[in-house]
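This report goes through a chain by its domains, its charged pairs and two single residues. Please look at the sequence and the structure first.

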Amino acid sequence: MQVPFTDLKSQNNVIREEALSSIADIIDNSSFILGKAVTDFESAFAEEHEVKHCIAVSSGTDANHLALWAQDIKSGDEVIMPANTFIATAWGATLCGAKPVFADCHGKSYNIDPEKIEEKITDKTKAVVAVHLYGQTADLDPIREITERKNILLIEDAAQSHIALYKGKKAGGLSSAASFSFYPGKNLGAFGEGGAVTTNDDELAQRIRMLRDHGSDKKYYHKYYGHNYRMEGIQGAALGLKLKHLETWTEKRRAAAAKYSELLRGTERIILPEEMEYGKHVYHLYVIRIKEREQLQKYLNASGISTGLHYPVPLHLQECFKELGYCKKDFPNSESLADECLSLPMFPGISDEQISYVSDKIKHFLKG
Ligand SMILES: *Cc1c(COP(=O)(O)O)cnc(C)c1O
């Protein structure tokens with residue numbers, strides 16, 4: 001049996017006909033940049049996430065940058081974030097000229113440990129970026145207690161957590177601004193690059209809108225320094241169509257995760273993902289941990305099962321951050337996660353047979 005890591009084709013097939021006709025409309029109207037498809041998607045995405053504003057942009061990385069840039073993060077500032085995340089979280093800070101400061105993750109949620117934040121705060125700290133990794137939110141209340149007391153910003157990187165819940169509330173509206181990615185493989189994916197920033201703050205939303213479009217809200221009049229971070233019309237159209245399926249697709253991911261956990265629970269030498277009591281996990285990734293990770297990955301691959309590593313090198317040990325002076329053992333939880341993590345095939349529509357096959361192969365590997 002072949003089990004792919006993800007399957008975009010079956011997802012795309014659901015919207016194929018409607019998407020082709022929306023794309024034809026965009027071509028006929030030459031509405032290639034922003035336009036009605038994008039503004040319609042922005043309203044629908046904001047409504048789905050119970051947040052006032054959604055500003056659609058060119059990628060999740062650009063959304064990371066805008067969320068910080070629009071809140072005046074600049075050279076000389078420090079931004080605290082987890083050591084275990086995708087590199088783009090850090091680009092949000094570096095693109096503003098600011099310094100990323102890493103903190104270790106919690107041993108169960110794998111998200112930034114609220115107890116490891118305060119020791120990283122200096123008089124240069126301007127923000128904490130809480131990443132909702134793998135589809136589960138960070139524990140935001142204790143983090144917010146710190147950021148409010150220290151008078152610094154709290155920002156969410158929700159690139160992997162569309163419609164995840166924290167204490168019954170949707171990710172994306174729980175901080176001053178949140179960034180989302182619509183990279184094709186994300187839980188909500190475009191037909192190319194895409195991202196968004198969400199916020200409940202009217203003034204900040206207006207500023208983000210202008211920074212996205214050359215610092216302007218009137219053509220050729222530029223109030224701020226800006227950039228071109230606009231979303232393309234075709235992406236807005238694809239995302240608007242896919243958004244209607246997001247809840248169903250998310251429930252399918254949750255059902256697949258429940259099936260894996262049922263079949264693998266109690267298996268020695270592997271650690272399963274845990275859904276924290278505070279939230280609802282949307283399983284962008286189903287990440288197990290095992291000391292013999294390399295061998296298991298090879299064994300599964302030889303059995304026709306594709307897996308992934310998210311992520312094999314924590315940010316504090318990346319070559320590009322050498323000059324920041326971190327060393328091995330600085331963040332034990334993030335480092336053991338990097339050594340032991342293995343992402344199993346996960347996509348809406350993965351069959352019970354495929355999940356059973358993967359689980360059987362894992363158990364067989366552990367016996368052998
Ligand atoms: C995917 C991702 C991003 C970047 O998104 P792109 O759309 O690929 O630029 C940022 N942060 C996290 C946590 C991600 O997973």
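How much area do domain 1 and domain 2 bury between them? Domain 1 and domain 2 bury about 3,600 Å² between them, and 62% of it is on carbon and sulfur atoms. Buried area here is the accessible area (1.4 Å probe) that two parts lose on being put together, summed over both.

The model is predicted, so local features need pLDDT of at least 70 and side-chain atom pairs count only at pLDDT 80 or more, while totals for chains, interfaces and linings use all residues. Residues are numbered from 1 along each chain as its sequence is written, and side-chain values use heavy atoms, with hydrogens and water left out.

## The two domains

The domain assignment gives domain 1 (8–243) and domain 2 (246–367); such bounds come from an automatic or database domain assignment. The centres of the two domains, taken over C-alpha atoms, are separated by 24 Å. Domain 1 brings 46 residues to the contact and domain 2 brings 35 residues, where contact means heavy atoms within 4.5 Å.

Three residues, F102, Y134 and N187, supply 21% of the area that domain 1 buries against domain 2, more than any other three residues.

Between domain 1 and domain 2, 21 residue pairs are in polar contact, both residues being at pLDDT 80 or more. A polar contact is a pair of N or O atoms within 3.5 Å; within protein, one must be able to donate a hydrogen and the other to accept it, and residues adjacent in sequence count only if both atoms are side-chain atoms.

On the side of domain 1 that touches domain 2, the elements that give two or more residues are helix 1 (8–29), helix 4 (88–94), strand 3, strand 6 (165–166) and helix 7 (233–243). Strand 3 gives the most to that side, with 5 residues. Helices (H or I, at least four residues) and strands (E, at least two) are DSSP runs, numbered from the N terminus.

The residues on this side of domain 1 divide into 22 nonpolar, 15 polar and 9 charged. In this sorting, Ala, Val, Leu, Ile, Met, Phe, Trp, Tyr, Cys and Pro count as nonpolar, Asp, Glu, Lys and Arg as charged, and the others, Gly among them, as polar.

## Salt bridges

Side chains of opposite charge can pair when their charged atoms come close. How many salt bridges does a search of the whole structure find? The search finds 23 salt bridges, each being a side-chain nitrogen of Lys or Arg within 4 Å of a carboxyl oxygen of Asp or Glu. Across the interface of domain 1 and domain 2, the rule finds 0 salt bridges.

The table gives some of the pairs.

| Pair | N to O distance | Residues apart in sequence |
|---|---|---|
| E50 and K170 | 3.5 Å | 120 residues |
| E118 and R149 | 2.9 Å | 31 residues |
| E292 and R269 | 2.8 Å | 23 residues |

E50 lies in the loop between helix 2 (36–48) and strand 1 (53–57), and K170 in strand 7 (residues 169–170). E50 counts as exposed because its relative accessibility is 53%, whereas K170 counts as buried because its value is 13%. Buried means under 20% relative accessible area, exposed over 50%, and partly exposed in between (1.4 Å probe, protein chains only).

E118 is in the loop between strand 3 (99–103) and strand 4 (125–131), and R149 is in helix 5 (residues 140–149). E118, at 33% relative accessibility, is partly exposed, and R149, at 45%, is partly exposed.

In the pair of E292 and R269, E292 is buried at 18% relative accessibility, while R269 is partly exposed at 47%. Salt bridges that share partners join E118, E145, R149 and K150 into one network.

## Two single residues

S216 lies in strand 10 (residues 216–218) and is buried, with a relative accessible area of 9%. The side chain of S216 reaches the backbone oxygen of K218 at 2.8 Å. Leaving aside neighbours within four places in sequence, S216 is in contact with M210, Y221 and H222.

Is C105 buried or exposed? C105, in the loop between strand 3 and strand 4, counts as buried because its relative accessibility is 1%. With neighbours within four places in sequence left aside, the contacts of C105 include N84, Y110, N333 and S334. C105 and H281 are 176 residues apart in sequence and 17 Å apart in space, C-alpha to C-alpha.
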